[in-house]
Amino acid sequence: MAGDMTRRGPDGAGPTNQGRCPLEGVCSYERSLARSRTARRRTDRPDVFTLHGREWDLLDDVFAPPFSPSTGVAMELLGLAPGGRPVTQGAFLEVGCGTGVIGVAAALTGCDRVVATDINRNAVRNTALNAVRHGVSGRVRAVHSDLFTALPAAERFDTVYWHSNFVMAPPAYRYRDVHEQAYVDPGYAAHLRYLREAPHRLTEGGRVLLHFSSRGNLAYLRRCLAEDGRELAVVDASTVQEGPDRVEYTLLELI
Ligand SMILES: C[S@@+](CC[C@H](N)C(=O)[O-])C[C@H]1O[C@@H](n2cnc3c(N)ncnc32)[C@H](O)[C@@H]1O
(Lines give C-alpha, C1' and ligand atoms only; values in the text may rest on other atoms or scores of the structure.)
Protein backbone atom coordinates (compact mmCIF):
# COMPACT_ATOMS: atom_id res chain seq x y z
CA MET A 1 0.00 0.00 0.00
CA ALA A 2 1.26 3.48 -0.89
CA GLY A 3 2.11 6.18 1.63
CA ASP A 4 2.02 6.37 5.39
CA MET A 5 -1.19 5.54 7.15
CA THR A 6 -2.71 6.85 10.35
CA ARG A 7 -5.58 4.81 11.82
CA ARG A 8 -8.26 6.82 13.57
CA GLY A 9 -10.36 5.12 16.21
CA PRO A 10 -14.16 5.08 16.04
CA ASP A 11 -15.47 8.43 17.23
CA GLY A 12 -19.07 8.55 16.02
CA ALA A 13 -18.78 12.24 15.20
CA GLY A 14 -16.56 11.70 12.18
CA PRO A 15 -13.42 13.25 10.80
CA THR A 16 -13.22 17.01 10.61
CA ASN A 17 -11.97 17.43 7.04
CA GLN A 18 -15.07 15.98 5.37
CA GLY A 19 -17.32 18.83 6.36
CA ARG A 20 -16.55 20.97 3.31
CA CYS A 21 -15.49 19.63 -0.03
CA PRO A 22 -15.22 22.08 -2.92
CA LEU A 23 -15.11 20.66 -6.45
CA GLU A 24 -11.36 21.25 -6.58
CA GLY A 25 -8.10 19.94 -5.08
CA VAL A 26 -8.47 16.55 -3.39
CA CYS A 27 -12.19 16.51 -4.30
CA SER A 28 -11.76 17.45 -7.97
CA TYR A 29 -13.86 15.18 -10.19
CA GLU A 30 -11.65 16.09 -13.13
CA ARG A 31 -8.61 14.79 -11.28
CA SER A 32 -10.52 11.60 -10.44
CA LEU A 33 -11.45 11.15 -14.11
CA ALA A 34 -7.78 11.61 -14.98
CA ARG A 35 -6.92 8.89 -12.42
CA SER A 36 -9.53 6.66 -14.10
CA ARG A 37 -8.00 7.19 -17.56
CA THR A 38 -4.49 6.49 -16.27
CA ALA A 39 -5.48 3.35 -14.35
CA ARG A 40 -7.39 2.00 -17.37
CA ARG A 41 -4.59 2.52 -19.87
CA ARG A 42 -1.40 1.91 -17.87
CA THR A 43 0.96 -0.44 -19.70
CA ASP A 44 1.98 -2.03 -16.39
CA ARG A 45 -1.64 -2.96 -15.58
CA PRO A 46 -1.27 -6.56 -14.33
CA ASP A 47 -3.50 -9.57 -15.12
CA VAL A 48 -2.91 -10.82 -11.58
CA PHE A 49 -2.08 -8.77 -8.47
CA THR A 50 -1.41 -9.45 -4.79
CA LEU A 51 -3.39 -7.75 -2.06
CA HIS A 52 -3.27 -8.58 1.65
CA GLY A 53 -1.36 -11.81 0.99
CA ARG A 54 -3.65 -13.25 -1.70
CA GLU A 55 -3.48 -13.25 -5.48
CA TRP A 56 -6.36 -11.85 -7.53
CA ASP A 57 -7.30 -11.72 -11.21
CA LEU A 58 -7.79 -8.30 -12.80
CA LEU A 59 -9.78 -7.92 -16.04
CA ASP A 60 -9.81 -4.97 -18.45
CA ASP A 61 -11.98 -1.98 -17.56
CA VAL A 62 -12.37 -3.04 -13.90
CA PHE A 63 -11.32 -0.79 -10.97
CA ALA A 64 -7.69 -1.75 -10.29
CA PRO A 65 -6.79 -2.11 -6.58
CA PRO A 66 -3.02 -2.05 -7.32
CA PHE A 67 -3.35 1.57 -8.50
CA SER A 68 -5.29 2.93 -5.52
CA PRO A 69 -4.92 2.30 -1.79
CA SER A 70 -8.70 2.55 -1.36
CA THR A 71 -9.54 -1.17 -1.72
CA GLY A 72 -6.75 -2.30 0.62
CA VAL A 73 -7.85 0.24 3.22
CA ALA A 74 -11.50 -0.79 2.77
CA MET A 75 -10.52 -4.38 3.58
CA GLU A 76 -8.63 -3.26 6.67
CA LEU A 77 -11.56 -1.16 7.91
CA LEU A 78 -13.85 -4.19 7.43
CA GLY A 79 -11.41 -6.41 9.32
CA LEU A 80 -10.83 -8.50 6.17
CA ALA A 81 -7.03 -8.08 6.08
CA PRO A 82 -4.80 -10.66 7.81
CA GLY A 83 -5.09 -10.36 11.59
CA GLY A 84 -8.31 -8.30 11.36
CA ARG A 85 -11.61 -8.97 13.12
CA PRO A 86 -14.27 -9.12 10.38
CA VAL A 87 -17.18 -6.74 10.99
CA THR A 88 -19.32 -8.79 8.59
CA GLN A 89 -20.91 -12.18 9.07
CA GLY A 90 -23.96 -14.06 7.85
CA ALA A 91 -25.27 -12.80 4.52
CA PHE A 92 -23.22 -10.04 2.88
CA LEU A 93 -24.25 -7.92 -0.11
CA GLU A 94 -21.42 -6.07 -1.79
CA VAL A 95 -22.60 -3.42 -4.22
CA GLY A 96 -19.96 -2.37 -6.77
CA CYS A 97 -17.74 -5.42 -6.35
CA GLY A 98 -15.09 -4.61 -9.00
CA THR A 99 -12.53 -7.43 -8.92
CA GLY A 100 -14.49 -9.01 -6.07
CA VAL A 101 -11.68 -8.95 -3.51
CA ILE A 102 -13.93 -7.66 -0.73
CA GLY A 103 -16.83 -10.06 -1.34
CA VAL A 104 -14.51 -13.04 -1.80
CA ALA A 105 -12.50 -12.10 1.32
CA ALA A 106 -15.79 -11.84 3.24
CA ALA A 107 -16.65 -15.40 2.15
CA LEU A 108 -13.16 -16.60 3.10
CA THR A 109 -13.44 -15.05 6.57
CA GLY A 110 -16.81 -16.49 7.50
CA CYS A 111 -19.74 -14.96 5.63
CA ASP A 112 -21.95 -17.88 4.63
CA ARG A 113 -23.65 -16.16 1.67
CA VAL A 114 -22.21 -13.35 -0.45
CA VAL A 115 -23.94 -11.56 -3.31
CA ALA A 116 -21.71 -9.20 -5.29
CA THR A 117 -23.22 -6.77 -7.80
CA ASP A 118 -21.72 -4.35 -10.28
CA ILE A 119 -22.99 -2.22 -13.13
CA ASN A 120 -19.83 -3.16 -15.07
CA ARG A 121 -20.20 -6.60 -16.71
CA ASN A 122 -16.44 -7.17 -16.65
CA ALA A 123 -16.46 -6.62 -12.88
CA VAL A 124 -19.14 -9.29 -12.50
CA ARG A 125 -17.00 -11.73 -14.55
CA ASN A 126 -13.91 -10.69 -12.58
CA THR A 127 -15.61 -11.40 -9.24
CA ALA A 128 -16.79 -14.83 -10.44
CA LEU A 129 -13.21 -15.63 -11.52
CA ASN A 130 -11.79 -14.63 -8.14
CA ALA A 131 -14.44 -16.64 -6.30
CA VAL A 132 -13.34 -19.72 -8.29
CA ARG A 133 -9.64 -18.89 -7.72
CA HIS A 134 -10.23 -18.92 -3.95
CA GLY A 135 -12.62 -21.88 -3.82
CA VAL A 136 -15.73 -19.99 -2.67
CA SER A 137 -17.81 -19.94 -5.86
CA GLY A 138 -20.49 -21.96 -4.05
CA ARG A 139 -21.03 -19.07 -1.61
CA VAL A 140 -20.40 -16.02 -3.84
CA ARG A 141 -22.99 -15.04 -6.46
CA ALA A 142 -21.90 -12.30 -8.87
CA VAL A 143 -24.76 -10.38 -10.45
CA HIS A 144 -24.87 -7.68 -13.13
CA SER A 145 -27.02 -4.98 -11.55
CA ASP A 146 -27.49 -1.25 -11.19
CA LEU A 147 -27.37 -1.17 -7.37
CA PHE A 148 -30.21 -3.50 -6.26
CA THR A 149 -32.35 -3.61 -9.40
CA ALA A 150 -31.48 -7.18 -10.52
CA LEU A 151 -31.85 -8.73 -7.05
CA PRO A 152 -34.97 -10.62 -5.98
CA ALA A 153 -37.17 -8.22 -4.00
CA ALA A 154 -37.41 -10.59 -1.03
CA GLU A 155 -33.67 -11.32 -0.64
CA ARG A 156 -32.27 -9.94 2.66
CA PHE A 157 -28.73 -9.42 4.02
CA ASP A 158 -27.09 -8.93 7.41
CA THR A 159 -24.74 -6.38 5.85
CA VAL A 160 -25.17 -4.23 2.75
CA TYR A 161 -21.91 -2.54 1.74
CA TRP A 162 -20.56 -0.30 -1.03
CA HIS A 163 -16.99 0.88 -1.61
CA SER A 164 -18.43 3.66 -3.69
CA ASN A 165 -17.40 6.03 -6.51
CA PHE A 166 -17.27 8.66 -3.77
CA VAL A 167 -16.16 11.70 -5.80
CA MET A 168 -19.05 13.98 -6.72
CA ALA A 169 -19.24 15.07 -10.37
CA PRO A 170 -21.65 17.77 -11.60
CA PRO A 171 -25.19 16.37 -12.03
CA ALA A 172 -25.05 16.87 -15.82
CA TYR A 173 -21.80 14.89 -16.27
CA ARG A 174 -22.20 11.91 -18.67
CA TYR A 175 -19.81 8.92 -18.33
CA ARG A 176 -17.53 8.34 -21.31
CA ASP A 177 -16.91 4.68 -20.36
CA VAL A 178 -17.89 2.23 -17.63
CA HIS A 179 -14.49 2.53 -15.93
CA GLU A 180 -15.25 6.16 -15.03
CA GLN A 181 -18.27 4.88 -13.11
CA ALA A 182 -15.88 3.43 -10.52
CA TYR A 183 -14.56 6.92 -9.76
CA VAL A 184 -17.28 9.59 -9.81
CA ASP A 185 -21.03 9.85 -9.20
CA PRO A 186 -22.81 12.74 -10.99
CA GLY A 187 -24.88 14.69 -8.46
CA TYR A 188 -24.55 11.75 -6.02
CA ALA A 189 -27.64 10.27 -7.64
CA ALA A 190 -26.38 6.70 -7.11
CA HIS A 191 -25.28 7.40 -3.52
CA LEU A 192 -28.69 8.76 -2.60
CA ARG A 193 -30.47 5.79 -4.21
CA TYR A 194 -28.11 3.42 -2.37
CA LEU A 195 -28.68 5.06 1.02
CA ARG A 196 -32.45 5.20 0.56
CA GLU A 197 -32.90 1.66 -0.86
CA ALA A 198 -30.31 -0.34 1.11
CA PRO A 199 -32.31 -0.39 4.41
CA HIS A 200 -35.09 -2.28 2.57
CA ARG A 201 -32.61 -5.10 1.81
CA LEU A 202 -31.67 -5.77 5.45
CA THR A 203 -32.51 -8.53 7.86
CA GLU A 204 -33.73 -7.43 11.31
CA GLY A 205 -30.69 -5.79 12.99
CA GLY A 206 -28.72 -5.66 9.72
CA ARG A 207 -26.33 -2.83 8.84
CA VAL A 208 -25.87 -0.54 5.84
CA LEU A 209 -22.19 0.41 5.39
CA LEU A 210 -20.45 2.79 3.00
CA HIS A 211 -16.72 3.07 2.32
CA PHE A 212 -16.16 6.78 1.70
CA SER A 213 -13.28 9.25 1.58
CA SER A 214 -12.24 12.85 2.07
CA ARG A 215 -12.31 13.07 -1.75
CA GLY A 216 -16.11 12.95 -1.34
CA ASN A 217 -18.68 15.43 -0.02
CA LEU A 218 -19.94 13.89 3.20
CA ALA A 219 -21.59 17.12 4.32
CA TYR A 220 -23.85 17.05 1.25
CA LEU A 221 -24.87 13.43 1.84
CA ARG A 222 -25.57 14.18 5.50
CA ARG A 223 -27.77 17.14 4.60
CA CYS A 224 -29.79 14.99 2.19
CA LEU A 225 -30.15 12.18 4.75
CA ALA A 226 -31.21 14.58 7.49
CA GLU A 227 -34.39 15.19 5.46
CA ASP A 228 -35.20 11.47 6.01
CA GLY A 229 -34.17 11.59 9.71
CA ARG A 230 -31.08 9.49 8.93
CA GLU A 231 -27.36 10.03 9.63
CA LEU A 232 -24.00 8.57 8.62
CA ALA A 233 -21.82 7.65 11.61
CA VAL A 234 -18.12 6.88 11.41
CA VAL A 235 -17.28 3.27 12.33
CA ASP A 236 -13.54 3.58 11.62
CA ALA A 237 -11.13 5.69 9.58
CA SER A 238 -7.64 5.61 8.16
CA THR A 239 -5.49 8.28 6.51
CA VAL A 240 -3.14 7.62 3.59
CA GLN A 241 -0.70 9.83 1.68
CA GLU A 242 -1.55 9.47 -2.03
CA GLY A 243 0.90 11.43 -4.15
CA PRO A 244 0.28 15.09 -3.27
CA ASP A 245 -2.95 14.33 -1.37
CA ARG A 246 -3.52 13.25 2.20
CA VAL A 247 -6.71 11.19 1.94
CA GLU A 248 -8.87 10.01 4.79
CA TYR A 249 -10.91 6.84 4.17
CA THR A 250 -13.90 6.18 6.38
CA LEU A 251 -16.17 3.23 7.01
CA LEU A 252 -19.58 4.84 7.53
CA GLU A 253 -22.78 3.30 8.88
CA LEU A 254 -26.26 4.51 8.06
CA ILE A 255 -28.16 5.02 11.32
C1 LIG B 1 -14.40 2.35 -6.15
S2 LIG B 1 -14.93 1.00 -7.12
C3 LIG B 1 -14.78 -0.33 -5.92
C4 LIG B 1 -14.57 -1.68 -6.56
C5 LIG B 1 -14.26 -2.82 -5.59
N6 LIG B 1 -15.32 -3.01 -4.63
C7 LIG B 1 -12.96 -2.56 -4.87
O8 LIG B 1 -13.01 -2.32 -3.65
O9 LIG B 1 -11.91 -2.61 -5.50
C10 LIG B 1 -16.71 1.29 -7.21
C11 LIG B 1 -17.47 0.20 -7.95
O12 LIG B 1 -18.86 0.55 -7.95
C13 LIG B 1 -19.39 0.19 -9.22
N14 LIG B 1 -20.62 0.96 -9.45
C15 LIG B 1 -20.75 2.27 -9.74
N16 LIG B 1 -22.05 2.60 -9.87
C17 LIG B 1 -22.77 1.47 -9.67
C18 LIG B 1 -24.15 1.15 -9.68
N19 LIG B 1 -25.09 2.10 -9.93
N20 LIG B 1 -24.53 -0.12 -9.44
C21 LIG B 1 -23.61 -1.09 -9.20
N22 LIG B 1 -22.27 -0.85 -9.17
C23 LIG B 1 -21.86 0.41 -9.41
C24 LIG B 1 -18.27 0.50 -10.20
O25 LIG B 1 -18.44 -0.16 -11.44
C26 LIG B 1 -17.06 0.02 -9.41
O27 LIG B 1 -16.78 -1.33 -9.65
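**Entry 1. The S11/S12 hairpin**

I began with strand S11 (residues 232-242), which is joined to S12 by ten bridges, the two running antiparallel. I was working on a predicted model. For the register I looked up Gln241 and found Arg246 of S12 standing opposite. Next I checked the turn. The hairpin of S11 and S12 has two residues between the strands, and Gly243 there takes a positive phi near 55 degrees.

I then followed S12 to its other partner in my notes. S10 and S12 also pair in the antiparallel sense, over five bridges. Here His211 stands opposite Leu251 in S12.

How many of the ten residues of strand S12 are buried? I noted nine for this strand, which spans residues 245-254, so S12 is largely enclosed by the rest of the structure.

**Entry 2. Arg215**

I moved to the loop between strand S10 (202-213) and helix H6 (218-226), where Arg215 is found. Is Arg215 buried or exposed? Its relative accessible area is 5%, and buried means under 20%, so Arg215 counts as buried. I looked for a partner for its side chain. The side chain of Glu242 makes a polar contact with that of Arg215, at 3.2 Å. Glu242 itself belongs to S11, as the strand covers residues 232-242.

**Entry 3. The ligand site**

I listed the surroundings of the ligand. There are 20 residues around it, and the closest are Thr71, Gly96, Asp118, Leu147 and His163. I sorted the shell by character: eight residues are nonpolar, nine polar and three charged.

Which residues offer polar atoms to the ligand? I recorded Gly96, Asp146 and Trp162 among them. A polar backbone atom of Gly96 is 2.8 Å from a nitrogen atom of the ligand. An N or O atom in the side chain of Asp146 is 2.8 Å from a ligand nitrogen. For Trp162, a polar side-chain atom lies 3.2 Å from an oxygen atom of the ligand. I then checked the cover. The ligand taken alone exposes 590 Å², and the protein buries 98% of that.

**Entry 4. S5, H4 and S6**

I traced the chain through strand S5 (residues 113-118) and strand S6 (residues 140-144), which pair in the parallel sense over five bridges. Asp118, listed among the closest residues to the ligand, falls at the end of S5, given its range of 113-118. Val115 stands opposite Arg141 in S6. What is the handedness of the β-α-β unit made by S5, helix H4 and S6? I noted it as right-handed, with H4 covering residues 121-133.

**Entry 5. Helix H3**

I looked at the cover of helix H3 (residues 101-108). The helix is mostly covered, with seven of its eight residues buried. I wrote them down: Val101, Ile102, Gly103, Val104, Ala105, Ala106 and Ala107. After H3 comes Gly110, with a positive phi near 125 degrees.

**Entry 6. Positive phi outside glycine**

Most residues other than glycine have a negative phi. I therefore searched for exceptions of this kind. I noted two.

Asp61 has a phi near 70 degrees, a positive value. I placed Asp61 in the loop between strand S3 (54-57) and H2. Its relative accessible area is 24%, so Asp61 is partly exposed.

Tyr188 has a positive phi as well, near 55 degrees. I found Tyr188 in the loop between strand S9 (184-186) and helix H5 (189-197). Is Tyr188 buried or exposed? Its relative accessible area is 0%, so Tyr188 is buried.

**Entry 7. Two more loop residues**

I checked Ala81, in the loop between helix H2 (70-77) and strand S4 (91-95). With a relative accessible area of 12%, Ala81 counts as buried, because the limit is under 20%. I set Ala81 against Val235. They are 154 residues apart in sequence and 17 Å apart in space, C-alpha to C-alpha.

Last came Val178, in the loop between strand S8 (167-169) and S9. Why does Val178 count as partly exposed? Its relative accessibility is 30%, and partly exposed covers what lies between under 20% and over 50%. I paired Val178 with Val62. The two are 116 residues apart in sequence, and their C-alpha atoms are 8.5 Å apart in space.

Terms used
Residues are numbered from 1 along each chain as its sequence is written. This is a predicted model: local features need pLDDT of at least 70, side-chain atom pairs count only at pLDDT 80 or more; totals for chains, interfaces and linings use all residues. Side-chain values use heavy atoms; hydrogens and water are left out. A residue is near a molecule or strand if one of its heavy atoms lies within 4 Å of it. A polar contact is a pair of N or O atoms within 3.5 Å; within protein, one must be able to donate a hydrogen and the other to accept it, and residues adjacent in sequence count only if both atoms are side-chain atoms. Accessible areas come from the Shrake-Rupley method with a 1.4 Å probe; for residues, only the protein chains shown count as cover. Ala, Val, Leu, Ile, Met, Phe, Trp, Tyr, Cys and Pro count as nonpolar, Asp, Glu, Lys and Arg as charged, and the others, Gly among them, as polar. Two strands pair if DSSP finds at least two bridges between them. Helices (H or I, at least four residues) and strands (E, at least two) are DSSP runs, numbered from the N terminus. A crossover is right-handed if, with the strands pointing away from the viewer, the path from the first strand over the helix to the second runs clockwise. Buried means under 20% relative accessible area, exposed over 50%, partly exposed in between (1.4 Å probe, protein chains only).
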